[in-house]
Amino acid sequence: MSHPEQHRGRWRPRLDRPALAALLFGLAGVVYRLVLTLFTVPVSNSDEATFGLAALHIGQGRERPVFLYGQHYMGMLESYLAAPLVAVAGPSWPVLRLPMLALYAVFLYLIHRLTRRLCTPWFAAFVVGLLALGPERVVRDQLTVVGGRPEVKPAVLLMLLITVGLAAGTVHRRRLAVGLFGLLVGLAVWSDWLILPYLAVAGLALVWAVRRELLGWSGLLLVAGVVVGVAPMIIDNLRAGPGDDSLSVFRQVSTKVGPQPPWSDRIRGGLLEGVPLAHGLCPVDGCGRWQQWFGLLYPVLLLAAAALAVLAYRRAAGAPRAERVGRGAGGLRGARVGPVVQLALVVGAALTLLSYVRSPLAATSPLDNARYLSVLQLSLPAVLWPLWVAALTAWRGTSSVLGRFTGALSAAVLAALTVTTLVITVLFAATGTAASRTEERQARELAAALRADGPHEVYGDYWTCNRLIFNTDESVVCGVLDGNLSPGQNRYRPYWRQVGRAERPGYVVEIDSPMDRRLRRLLADRADAAPVREVGGYRVYHPDTPVRPWR
C-alpha cells in the first residue's frame, strides 16, 4: 500500500498509484456521507431516536441499557459510541450519526486492506470506489443509528485480517491477536445476530489457520475474548424472566403465524429485489426489471468465486517448495490463506442469503427488509473477483477466443455495475434528498412549537413520539398510541407513565390520519375548540379534559 521514503531525516509513507486512487475514492465517499449527515439525510425516525435517547441517558449516567429499549436481542453498542458526543453537544441527528460515519471510514480502510492482501492493488481500489457510491438504501444502512450493521462489518473484516496475518506469520503478538478476534466475535454477537453466518465462517478460517495454537493459551484467550464481548447479553439473559431471554424473543419476532409464501416468491424477493437494493443498484422505492440483472447473476458469481478460490488453494499446494519458502514465515499456510478467506466470504454471503429467503418477509415486504442483506457488502471483493480476473486475462491477450469473449463480457458487467450504481447515486443526491429535508424541517417545527408553548406531555403515534422527544431534549414527553387510540409500542415505559400522570395531556397527530379522525369523533362538539394549532403537517389537540378511551 505504501513505501517508506526518507525525507530530511524523517520517514514518510509514499502511496503507490492504486493506494492513492483508493484513498481519493474513500475520501470522496466519506465527504459525501458527511454532507448527508449534516443535512440529516436519510430522514430520521423514532427507531433511530430510541437509540439517540439511550445515548442521552447513558451520557447522563441514568441508564446502562444492554438491549434496545423494549427489546431483548439488539445490542446498544451504537448508543454507547454516541453517548460521549451527545453528552457534550446535546441531542442532534448529526452528532448522533458521527460515530456511524467513522465506522464507515474504518470499513472502507479495512476492506481495502483485505482486498489488497487477497487480490490485487487496482482491484482493491476499484472495490473502494464502488463502495464509496451510495443511494438512499445503502447510505441509510451506513449512517442511521438503528443497530448492528455499521459496526459488525468492520469487526468481521478485522477478524479476517487477523486470520490472514496469523497464517502468513506477519502478526507478532499472536495470542493477543487471537484474544482480539474473540472480543470482536463477542461484541458482534451482542450487537446484531444477522452477522452470525459471517462469524461462523470467520471462526472456521481462524481454526484452519492456527488450529494447533488454539489448544493452548491462544484458545483460552479466544474464549475469554468472546465471553468479555458478549458479557452484557449473558448477564441480561440470566436476569430475564421466562420467555424474555434473547433467543425466545428473537424466535417470536422471526416467526410469522399464518400461511407461508412459496419458496419461489421468497427467492424472487431476495434475489431480484434484496440483492440489487443492498448493493445500491436501485432507488429506495424498488427495482425496475432492468436493475434486477445483478440479482440473477449473483448466485452464478458466488459459484464462480468458490471455484476460483478452490483452484487457487490447489495451485498453492502444488507450488514448488522453493517458491513457498520464499513467501515468508507463513510458508504453505500463508500461501493458502487467501483462497481460504475468499471461500469464507463466499460461504458467508450464501448463508446470509439463504437465511434471508427463508423468512416470509423476503416475499411479503422485500423493500422494507432489504436492509438485512446490507452485510453482503463484505463479500463484494470475492463476488466480483472472477469478473476482474476474466476481464484482466482478456485484456492481456493471454486467453483463447472463448476466454476473450468471457473477459469482454465480464468487463461489460463490471462497467454496468459501476455505471448503474453511479447513476442511482447521482439521482438520489440530486433529487432524492428533498423529501427527507422537508420531513426533517416539519419535525423540527413541531418540536420547536411544543417546546416553546406546550403542551409538554402529549400522546402520538409511534413514528412521532420518540423523534419528538429526542428533538426536544426530553422537554416534551410523548406516549405512544395506535390508530385506535389504544396504548401502542412504548419502548421506554417511564415516558408513558409520565404522560399518564398528566392532568391535561395533548395529542399530536398527522393531519387527516386515522388517529386524527378517531380523536375528532371522540371529542365530538369539542373538536373545533380542542386543536391548539397546526404545525408542520401535524395537528395538535389540547382538550380541557384528557381523552383516554383505554381506561
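Let's start with a pair of strands: strand 3 (residues 457-460) and strand 4 run alongside each other in the parallel sense, joined over four bridges. Keep in mind as you look around that this is a predicted model. One of the pairings to pick out is V458, whose bridge partner in strand 4 is C478. To get from one strand to the other, the chain passes through helix 21 (residues 462-471), and strand 3, helix 21 and strand 4 together make a right-handed β-α-β unit.

Now look at the two sides of strand 4. In a regular strand, the side chains alternate between the two faces of the sheet. Strand 4 (residues 477-480) has V477 and G479 on one side and C478 and V480 on the other, and these residues are all buried, which leaves both faces covered.

Strand 3 has another partner too. It pairs with strand 5, again in the parallel sense, over two bridges. Here Y459 stands opposite Y507 of strand 5. Turn to Y507 once more and you'll find a link onward, since its bridge partner in strand 7 is Y541. Strand 5 and strand 7 (residues 538-541) pair in the antiparallel sense, over four bridges. How enclosed is strand 5 (residues 506-510)? Four of its five residues are buried, so the rest of the structure largely encloses it.

The loops around these strands have a few quirks. Just ahead of strand 3, in the loop that comes after helix 20 (434-453), sits P455. The peptide bond joining G454 to P455 is cis, with omega at about 0°. After strand 4, in the loop leading to helix 22, comes L485. L485 isn't a glycine, yet its phi is positive, at about 60°. Is L485 buried or exposed? With a relative accessibility of 2%, L485 counts as buried. D512 has a similar story to tell in its backbone: phi is positive, about 65°, although D512 is not a glycine. You'll find D512 in the loop between strand 5 and helix 23 (514-523). D512 has a relative accessibility of 53%, so it counts as exposed.

Next, head back towards the start of the chain. Between helix 1 (17-38) and helix 2 there is a loop that holds P42. The peptide bond from V41 to P42 is cis, with omega near 0°. A little further on, at the start of helix 2, a side-chain oxygen of N45 comes to within 3.0 Å of the backbone nitrogen of D47.

Helix 2 (residues 46-59) has 14 residues and stretches 19 Å from first C-alpha to last, close to the 20 Å expected at 1.5 Å a residue. Of those 14 residues, 12 are buried, so helix 2 is largely enclosed by the rest of the structure. Among the buried ones are E48, F51, L53 and H57. What does the covering? The list includes helix 3 (77-89), helix 4 (93-118), helix 6 (136-143), helix 21 and helix 22 (493-500). You've met helix 21 already, in the β-α-β unit with strand 3 and strand 4. Helix 2 is followed by G61, which has a positive phi, near 75°.

Two more residues are worth a stop. H279 sits in the loop between helix 12 (263-278) and helix 13 (293-318). H279 has 11% relative accessibility, so it counts as buried. Its side chain reaches the backbone oxygen of V275 at 2.9 Å. Setting aside neighbours within four places in sequence, H279 is in contact with V138, F294, Y298, L376, L380 and T421.

The other stop is L351, in helix 15 (residues 331-357). At 38% relative accessibility, L351 counts as partly exposed. Leaving out residues up to four places away in sequence, L351 touches P197 and V201.

Finally, step back for the whole chain. It has 23 helices and seven strands. The radius of gyration is 26 Å, close to the 24 Å that the globule rule gives for 551 residues, so the chain is as compact as a globular protein of that length. Along its principal axes, the C-alpha trace spans about 90 × 65 × 55 Å. Of the 551 residues, 53% count as buried. As for contacts with a separation of 6 or more, 71% of them involve residues 24 or more positions apart.

Notes:
Residues numbered from 1 in each chain as written. Predicted model: local features only at pLDDT ≥ 70, side-chain atom pairs only at ≥ 80, totals over all residues. Heavy atoms only, no water. Buried < 20%, exposed > 50% of the residue type's maximum accessible area, 1.4 Å probe, protein only. Pairing = 2+ DSSP bridges. Right-handed = clockwise from strand over helix to strand, strands pointing away. Expected span 1.5 Å × (residues − 1). Contact = heavy atoms within 4.5 Å. Polar contact = N/O pair within 3.5 Å; in protein donor to acceptor, adjacent residues only side chain to side chain. Rg over C-alpha atoms; globule rule 2.2 N^0.38 Å.
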